[in-house]
Amino acid sequence: MKLLLPVVIPILAGILVLVSKEIRKNRKMVTGLSAAVLALELVLVFTAVLSEDSLVLCRLTDTIDISFRIDDVSRLFAGLTTLMWFLVGIYATAYMEHEHDEYRFFGFYLMVEGVLMGIDFSSNLITLYVFYELMTLTSLPLVLHELTKEAVQAGFKYLFYSVAGAFLALFGIFFLASVSPSLEFTPGGVLDGRALAGKEGLLLASACCMVVGFGTKAGMFPLHGWLPTAHPVAPAPASAVMSGVITKAGILAIIRVFYYIIGPDLIRGTWVQTVWMLLSLTTVFMGSMLAYREQVFKKRLAFSTVSQVSYVMFGLSLLHPTAFAGALSHVVFHSVIKNGLFMSAGAVIEKTGWTRVEQMRGLGKVMPVTLACYTAVSLALIGIPPASGFVSKWYLATGALSSGTGIWGFLGPVVLLISALLTAGYLLPIAIQGFFPGQDFDSSELKKRKLIGNEPSFRMVLPIMVLAIAAVLLGCFPGSLLQMITSIGDLVF
């Protein structure tokens, strides 16, 4: 029951919010119930991750079942997901007061958290895939929330890309099911070289399909286009969790397939590893360049996510313990940072109506606390020590140099460095011009609109402050997190 309750309760609560007329017509009841469920979910998840439980929900065949089990990867992703979902949810209770149909947003918001717990707790590849598909269906309404023409188009694009990626991954699952003695997640993989005799080519083709397929949700080229389309039209809380949490579901699926089913030894040195490294580095550079050129604030952050999540993909593609540690630590740090960035952007848009970067000159006079938090998480994303981004990027670079992957071991750190410079170029000007607009800046328009010192609600500011502080402290004191990640790496290599 410890594993079932964190999955079932948010889903049932979300359905209740959606179907109950008494709840739907009362805003305070919607937000109060949602906040209570999010707080309860924190307790349930941390009770679950401290256990060693396993649970079989049902058996589909003699060899395939839907089941849950706790391991260190489950603990890492489930703990991160529920913490981020709680903080963004508290932010959303204030943000959605100025939006319509908040019951629909919170109903699906709660359901998606339960589905994500199903992904995190999955004990085998079939269970993961079932909940992975449910995640697409339940998160789609978060993109469609505004129901404008742009939102509907973005929703269809999100659905099309997600389904296309899922079909590619499904091809790989079918092949693995035909040659693997088990689809249970086992550190180091379960495939037997003798069972693969004569099928090595099919294995590599299937592995490549799964890289691209699951990489879709992680925003990796060539199926990355849904991210910059979906984020500008979705409410800020939805943008935050889609960028900071939902993209990590694709990362988790990649980890489970290549480190717990196939095994890194069968992929190392093959053309699949080369393609994987090429696609991830291409995405890192391309996303940074597009973010640097983009003037719409939320779309700039979306392109940034395209780039930064592929830092993780590159670290995983190296199939090396140090790079693996860098990849998993960047999962945590990027989630904290990007949730903070999107919530800061949402606060600015909600209070001022400014959506473009060039409008934000003098923002420090309007929202000094919010902009200070934005600056802190921006420095962390760039990788300025001692903030958290520096730690993960250090491990990624040193892992690449010692990975034995030839030119890729040197090209990777170069691309990461260029991307860091571009990240500074598209994040820091907002902070600099916000705090130091120049002597020619005329603040009379801000005074006329009564925007001076106009911080958002405390329920919006507090989660942003918590994430900004966490982005710095995780870099100053990364020991416990790195110890946990290193222990995961010791098992899979």
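**Exercises on a predicted model**

With 493 residues, a compact globule would have a radius of gyration near 23 Å, and the protein agrees with this at 22 Å. That radius is taken over C-alpha atoms, and the globule rule is 2.2 Å times the number of residues to the power 0.38.

Residues are numbered from 1 along each chain as its sequence is written. The model is predicted: local features need pLDDT of at least 70, side-chain atom pairs count only at pLDDT 80 or more, and totals for chains, interfaces and linings use all residues.

**Exercise 1.** Find the loop that holds Leu147, give its phi, and state whether Leu147 is buried or exposed.

*Solution.* Step one: Leu147 sits in the loop between helix 6 (125-144) and helix 7 (149-179); helices are DSSP runs of H or I, at least four residues, numbered from the N terminus. Step two: its phi is near 60 degrees, a positive value in a residue other than glycine. Step three: Leu147 has 54% relative accessibility, so it counts as exposed. Here buried means under 20% relative accessible area, exposed over 50%, and partly exposed in between (1.4 Å probe, protein chains only).

**Exercise 2.** Do the same for Leu319.

*Solution.* Step one: the loop between helix 12 (297-317) and helix 13 (321-352) contains Leu319. Step two: Leu319 is not a glycine, yet phi is positive, about 55 degrees. Step three: Leu319 counts as buried because its relative accessibility is 2%.

**Exercise 3.** Which bond leading to Pro222 is cis, and where is Pro222?

*Solution.* Step one: the peptide bond from Phe221 to Pro222 is cis, with omega near 10 degrees. Step two: Pro222 lies in the loop between helix 8 (200-217) and helix 9 (226-230).

How values were computed:
Side-chain values use heavy atoms; hydrogens and water are left out. Helices (H or I, at least four residues) and strands (E, at least two) are DSSP runs, numbered from the N terminus.
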